[in-house]
Amino acid sequence: MPNKTIYVPDSDLQVFDHAQDVSGKNLSATIVQALRYFIKIGEGKGFEYVEISEGERGFYKRKRFIGRELASACVTDDQSSLTTSYTVYETVHGRFAVLISEEKKIPLEQSLERELERRIMERITGDYKNSFQYGKEEEVPDVRRLEVYNSLDLLSGHIPGDLFRTLHEIRDGEFLDI
């Protein structure tokens, strides 16, 4: 196995130690993993850090990965007033992550009333990010989950057919560097 020597200034040794602790691997594996990420992001293929939230009923956990958004679609079921959104990402490891968000639709009048109340609360509190809290349990907005698949073909049956066909068109399309 070939050897590479890396000269690290004393001031950066803590960075190496911390990276190894975070990865739980040996230093060589940690460096190789970091370089792979660096190359993927730097190759101009659109890979970037993606941060999503997963959970339900107002309790969400942030998850992060390196990937790129490929396509998205929404499906609305008028009988149950449920809108399901699908966002498909390709990860740096060649897997496909699907963020599925299910949100109960509310009538237009109620939606306008909520928006007006949110804007009033923003003006009163000066908090433009989290100014409105949902009052009733059934009003909590949605359920979000992340599913990961090892290949594009495994997505069949788990996402809408039109979205599946779109992903195949993207994969099979010709890249023009123009």
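Colleague: What share of the contacts in the protein with a separation of 6 or more is accounted for by residues 24 or more positions apart?

Modeller: This is a predicted model, in which local features need pLDDT of at least 70 and side-chain atom pairs count only at pLDDT 80 or more, while totals for chains, interfaces and linings use all residues. Residues are numbered from 1 along each chain as its sequence is written, and side-chain values use heavy atoms, with hydrogens and water left out. If contact is taken to mean heavy atoms within 4.5 Å, then among contacts with a separation of 6 or more, the share from residues 24 or more positions apart is 44%.

Colleague: Which pattern do the helices and strands follow along the sequence?

Modeller: Helices (H or I, at least four residues) and strands (E, at least two) are DSSP runs numbered from the N terminus, and the protein has 4 helices and 5 strands. Read along the sequence, these elements follow the pattern α-α-β-β-β-β-α-β-α.

Colleague: Is E54 buried or exposed, and which residue is its salt-bridge partner?

Modeller: E54 lies in strand β1 (residues 48–56), and its relative accessible area of 16% makes it buried, because buried means under 20%, exposed over 50% and partly exposed in between (1.4 Å probe, protein chains only). Outside its neighbours within four places in sequence, E54 is in contact with several residues, including F59, Y60 and R144. A salt bridge requires a side-chain nitrogen of Lys or Arg within 4 Å of a carboxyl oxygen of Asp or Glu. Buried E54 meets such a partner at 2.4 Å, N to O, and that partner is K63.

Colleague: With which residue does R144 form a salt bridge?

Modeller: R144 is partly exposed, with a relative accessible area of 22%, whereas its partner counts as buried at 11%. The closest N and O atoms of the bridge are 3.0 Å apart, and the partner of R144 is D142.

Colleague: How far apart are the C-alpha atoms of H158 and E147?

Modeller: H158 sits in the loop between β5 (142–149) and α4 (161–172), and its relative accessibility of 40% makes it partly exposed. Leaving aside neighbours within four places in sequence, H158 is in contact with Y86, E147 and Y149, and E147 itself forms a salt bridge with R145. Although H158 and E147 are 11 residues apart along the chain, the separation of their C-alpha atoms is 9.4 Å.

Colleague: Which geometry does the aromatic pair of F65 and Y89 have?

Modeller: Rings of Phe, Tyr and Trp (its six-membered ring) pair if their centres lie within 6.5 Å, with planes under 30 degrees apart counted as stacked, over 60 as edge-to-face and the rest as tilted; by this rule there is 1 aromatic pair. F65 and Y89 are both buried, and because F65 is in strand β2 (residues 59–77) and Y89 in strand β3 (residues 82–91), the pair ties together parts 24 residues apart in sequence. Their ring centres are 5.5 Å apart and their planes are at 80°, so the pair is edge-to-face.

Colleague: What is the area of the nonpolar surface patch made by L116, I120, M121 and I124?

Modeller: Patches are made of residues with over 30% relative accessible area and no salt bridge, like charges being joined within 9 Å and nonpolar side chains (Val, Leu, Ile, Met, Phe, Trp, Tyr) within 5 Å. I124 lies in helix α3 (residues 108–125) and is exposed, at a relative accessible area of 61%. With areas from the Shrake-Rupley method and a 1.4 Å probe, only the protein chains shown counting as cover for residues, the patch made by L116, I120, M121 and I124 comes to about 390 Å².
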